[in-house]
Amino acid sequence: MPNSENINPTPRKRHPVTPKGLKWSLGTSLLIVIVLYILSVYQTTAFPNRVVDGFPIIFNFVVDDLWPPNWSYFDRVAMSLLETWNMALFSSTFAALIALPMSFLAASNINRNAYFYQFIRNFLNLLRTIPEIILAVLFVAVVGIGAVSGILALTVFSIGILAKLISETVEAVDPGPLEAIRASGGNVFQVISFGVMPQILPQYASYSLYVLEINVKASVVLGFVGAGGIGLILNQQLSLFNYDNVSTIIIVLFLTITIIDLISNRLRGRLE
Amino acid sequence: MIEFKNVSLKYPNGHQGLKNINLKINDGEFVVIVGMSGAGKSSLIRSINRMVTPTEGKILVDDQDIITFNEKKLRKLRTEVGMIFQSYNLVKRMSVLRNVLAGRLGHTGTIRSMLGLFPQKDIQFALDNLDRVSIHEKAYTRADQLSGGQQQRVSIARVLTQQPKVILADEPVASLDPPTSHKVMKDLKRVSREDNLTTIVNLHFIDMAQEYADRIIGLRDGEVVFDGPIDQVTEKTFEEIYGRPIKEDDLLGGDDD
Amino acid sequence: MNEKPIVSLRQARTNKSKFYLYTIVFILSAIYIIGLFTTPFSVSGSAASPLDTLRRIFIVPLTDMEYIVQFPVYIGYMIETVAIAYAGVTVATILAVPVAFLAARNVTKRYSYVGKALLNAIRAVPELIFAIIFVAAVGIGPYAGVLAISINSIGMLGKLYAEVIESIDQSNVDAIKASGGNRIQAMWYGVLPQVLPEFSSYSIYRFEIDVRASTVLGIVGAGGIGAPLILATYQRSWEDVGMILIVVVVFVSLIDLISGKIRKRLV
């Protein structure tokens with residue numbers, strides 16, 4: 001703003017627009033962010049110019065390599081895809097059933113025992129720090145190769161997410177009805193089924209569908225460590241460098257996930 | 001009979017809710033508790049079904065000290081002492097009938113109630129009680145589609161379905177407009193007369209208290225400063241309870257009929 | 001006393017609602033029945049006893065000196081993993097802003113669906129697929145991982161940013177325009193102060209997700225701790241799996257803790 005300097009050419013005392021302390025903390029934060037970025041860039045060799053060069057690759061891949069896919073491979077893909085879907089379906093179902101009681105234990109307005117509540121919270125937090133691939137490796141190690149390990153891994157993985165989301169909903173319910181049921185002599189189960197459940201049912205259904213979406217995507221990874229599903233054939237075809245088969249898998253996967261997301265979003269939109 | 005013997009209540013944050021309360025409330029009485037907000041009306045009423053627990057003294061309900069009650073006895077007590085709340089406390093997404101049946105929970109097994117398998121006579125009883133507060137035709141409507149006055153009448157029906165001996169009402173009309181307030185209070189008074197229920201109501205409008213009470217208890221700073229039958233109460237009494245002259249705000253007005 | 005009719009808890013169903021109910025029940029049971037018949041529920045088990053395997057994963061790495069001394073190796077891999085996530089999310093934060101304005105209803109009006117469709121398409125691709133494509137194009141290494149993470153994060157950040165932009169208070173912008181400010185000034189003083197805290201909060205949240213996502217990328221050669229993980233899995237070297245698990249859990253917990261604190265201060 002050059003004009004303001006003309007109006008007041010010799011300011012006696014500078015009045016900063018931003019107070020000094022705030023300026024300092026903002027400046028320091030920005031500096032930390034930038035320094036960490038520079039360190040990360042050197043560690044990963046992802047320099048900005050290389051990133052700019054890198055992104056058109058996706059475009060070129062879609063235009064040059066993805067088409068034409070090998071349609072004769074479609075049957076095999078469909079089989080694996082069904083397995084992936086089933087794994088996601090069963091794991092989401094189990095997770096929805098197990099996460100519900102856990103989320104009541106992880107809600108401070110139901111579980112009045114502070115220590116037990118904190119224990120369950122910490123347990124769920126711990127569960128959510130384990131990436132799905134490590135869970136899959138663990139279950140493959142114990143149960144062996146196959147869809148069952150995948151289902152178990154995804155179940156544990158989604159319990160962490162689902163129980164957290166539901167317990168937050170439970171903690172946000174209108175406390176009035178719970179008080180009324182307690183006042184009329186209802187026990188904790190009756191408080192839950194009459195006071196809490198009717199209030200959280202739409203969100204419960206919505207979050208379960210959301211977890212189903214996540215599980216379909218997550219189950220792609222599992223096949224790489226032998227836990228079944230479409231990742232298995234993806235890994236095979238990649239190591240054989242059969243890129244036309246890989247592109248068939250990618251196209252089919254993309255369409256399936258898009259359709260599932262679309263349906264699930266519609267259903268969730270109607271639930272709320 | 002409900003009896004308070006030297007009851008005091010100090011909250012964990014240091015606030016003194018009740019100070020050395022001594023009271024005797026006889027069966028079938030319709031008692032109104034008045035006082036400014038923060039005078040301890042809510043603490044007093046909620047001590048009777050142990051929604052809050054006094055830190056000193058005894059509360060005898062039918063000669064049993066309820067302060068010593070364990071979880072199981074407490075639930076039994078609460079089935080016999082019904083409660084009506086300022087904000088109705090209905091489950092908004094549930095039908096009126098189910099909300100009324102929530103009053104039967106203390107009498108119904110856990111599994112049965114979770115599956116919604118209420119005995120037919122309970123359902124019939126719930127409908128009869130809705131009839132008594134004249135919103136029978138709304139039984140299958142969702143609770144959130146009712147007006148405030150209708151919701152409060154549903155909660156009266158819920159309390160009746162509990163078949164209590166005592167009704168506690170904590171500011172039952174504070175969220176309602178004057179004409180609706182009078183309708184709700186009339187309903188409450190009528191059903192408690194018909195069933196001969198001991199009823200204890202918190203109100204902060206003095207004209208309402210005078211119109212419906214058999215007996216008035218005045219509280220100030222957690223202490224009983226007045227206790228007497230309605231015919232002894234004058235405007236002067238209220239000025240003593242409130243510790244200041246009566247203002248326009250202390251009157252609800254608006255009873256047209 | 002006259003007999004009263006039986007009352008139900010529910011109002012009688014109309015034909016239409018009956019039809020809907022039966023259709024839903026039919027579809028759901030069909031989905032589950034197909035699932036039950038097409039999933040191989042057989043459990044092959046492994047040659048080693050499960051208890052011994054669990055001991056090798058959870059106990060040996062923490063008690064045997066031979067393994068404890070190897071922790072720095074995996075910590076190094078984990079630092080690379082975090083670096084991939086950080087570089088990726090920083091690039092994504094910068095690139096998501098223009099895409100988000102493109103996808104915001106109150107900015108591009110009826111053309112916003114173009115940006116929204118683009119973001120939806122990105123989110124329908126699992127990050128592993130992006131990693132596969134980039135590894136095939138630019139070769140093995142963390143550089144491919146950064147590209148995969150950033151494009152994948154743009155999908156989510158763009159959507160969240162667009163929602164923030166759609167919810168801004170227009171009156172601030174109008175006030176600046178009314179006092180003679182131009183479009184850029186309106187953006188700088190009217191829009192940015194409103195959206196910046198939420199943008200940063202979402203980016204930090206996405207960073208948490210990306211740290212987890214980056215642990216996976218190594219299995220297709222896109223850098224990070226996934227590479228030694230898949231190797232250890234193929235070699236049935238459960239002690240190494242255990243060490244990797246511990247390192248990942250500790251790092252992810254610490255990062256969640258710190259970023260949660262920062263996000264709380266931001267909003």
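Which residue of E4(B) is the bridge partner of B:Phe4? In this predicted model, the bridge partner of B:Phe4 is B:Ile59. The legends below begin with the strands around this pair and then turn to the interfaces.

**View 1. Strand E1 of chain B and its pairing with strand E4.** Strand E1 of chain B spans residues 2-10, and strand E4 of chain B spans residues 56-61. The two strands run antiparallel and are joined by 5 bridges. The pair B:Phe4 and B:Ile59 is a bridge between E1(B) and E4(B).

**View 2. The hairpin of strands E1 and E2 in chain B.** E1(B) also pairs in the antiparallel sense with strand E2 of chain B, residues 16-25, over 6 bridges. B:Lys10 has B:Gln16 in E2(B) as its bridge partner. Between the two strands of the hairpin lie 5 residues. B:Gly14, in the turn, has a positive phi of about 95°.

**View 3. The annotated domain of chain B.** An unreviewed UniProt entry carries the annotation "domain: ABC transporter" for residues 2-246 of chain B. In the model, 36% of this span is helix and 24% is strand. The C-alpha atoms at the two ends of the span lie 31 Å apart.

**View 4. The interface of chain B and chain A.** On the side of chain B, 27 residues are in contact with 20 residues of chain A. The area buried between the two chains is about 1900 Å², and carbon and sulfur atoms give 63% of that area. Across this interface, 9 residue pairs are in polar contact, with both residues at pLDDT 80 or more. Helix H2 (71-80), strand E6 (81-84) and helix H4 (110-115) of chain B each supply at least two residues of the side that touches chain A. By residue class, this side of chain B comprises 11 nonpolar, 9 polar and 7 charged residues.

**View 5. A salt bridge between chain B and chain A.** There are 2 salt bridges between chain B and chain A. One of them joins the side chains of B:Lys92 and A:Asp174. The N to O distance in this pair is 3.1 Å. Side chains of opposite charge can pair when their charged atoms come close.

**View 6. The interface of chain A and chain C.** Here 55 residues of chain A are in contact with 68 residues of chain C. Together the chains bury about 5200 Å² between them, with 78% of it on carbon and sulfur atoms. The count of salt bridges between chain A and chain C is 0, while 10 residue pairs are in polar contact, both residues being at pLDDT 80 or more. The side of chain A that touches chain C is made up of 40 nonpolar, 11 polar and 4 charged residues.

**View 7. The annotated domain of chain A.** Residues 81-264 of chain A are covered by the UniProt annotation "domain: ABC transmembrane type-1", from an unreviewed entry. This span is 84% helix and 0% strand. Its end C-alpha atoms lie 18 Å apart.

**View 8. A salt bridge within chain A.** Over all chains, the structure holds 32 salt bridges. In one of them, the side chains of A:Lys217 and A:Asp261 meet at 3.6 Å, N to O. A:Lys217 belongs to helix H10 (residues 188-222) and A:Asp261 to helix H12 (residues 243-271) of chain A, so the pair ties together parts that are 44 residues apart in sequence.

Note on methods: Residues are numbered from 1 along each chain as its sequence is written. Chains are lettered from A and ligands numbered from 1 in the order in which they are written. This is a predicted model: local features need pLDDT of at least 70, side-chain atom pairs count only at pLDDT 80 or more; totals for chains, interfaces and linings use all residues. Side-chain values use heavy atoms; hydrogens and water are left out. Contact means heavy atoms within 4.5 Å. Buried area is the accessible area (1.4 Å probe) that two parts lose on being put together, summed over both. A salt bridge is a side-chain nitrogen of Lys or Arg within 4 Å of a carboxyl oxygen of Asp or Glu. A polar contact is a pair of N or O atoms within 3.5 Å; within protein, one must be able to donate a hydrogen and the other to accept it, and residues adjacent in sequence count only if both atoms are side-chain atoms. Helices (H or I, at least four residues) and strands (E, at least two) are DSSP runs, numbered from the N terminus. Ala, Val, Leu, Ile, Met, Phe, Trp, Tyr, Cys and Pro count as nonpolar, Asp, Glu, Lys and Arg as charged, and the others, Gly among them, as polar. UniProt positions are given in the numbering used here, feature names are shortened, and annotations may be inferred rather than shown by experiment. Two strands pair if DSSP finds at least two bridges between them.
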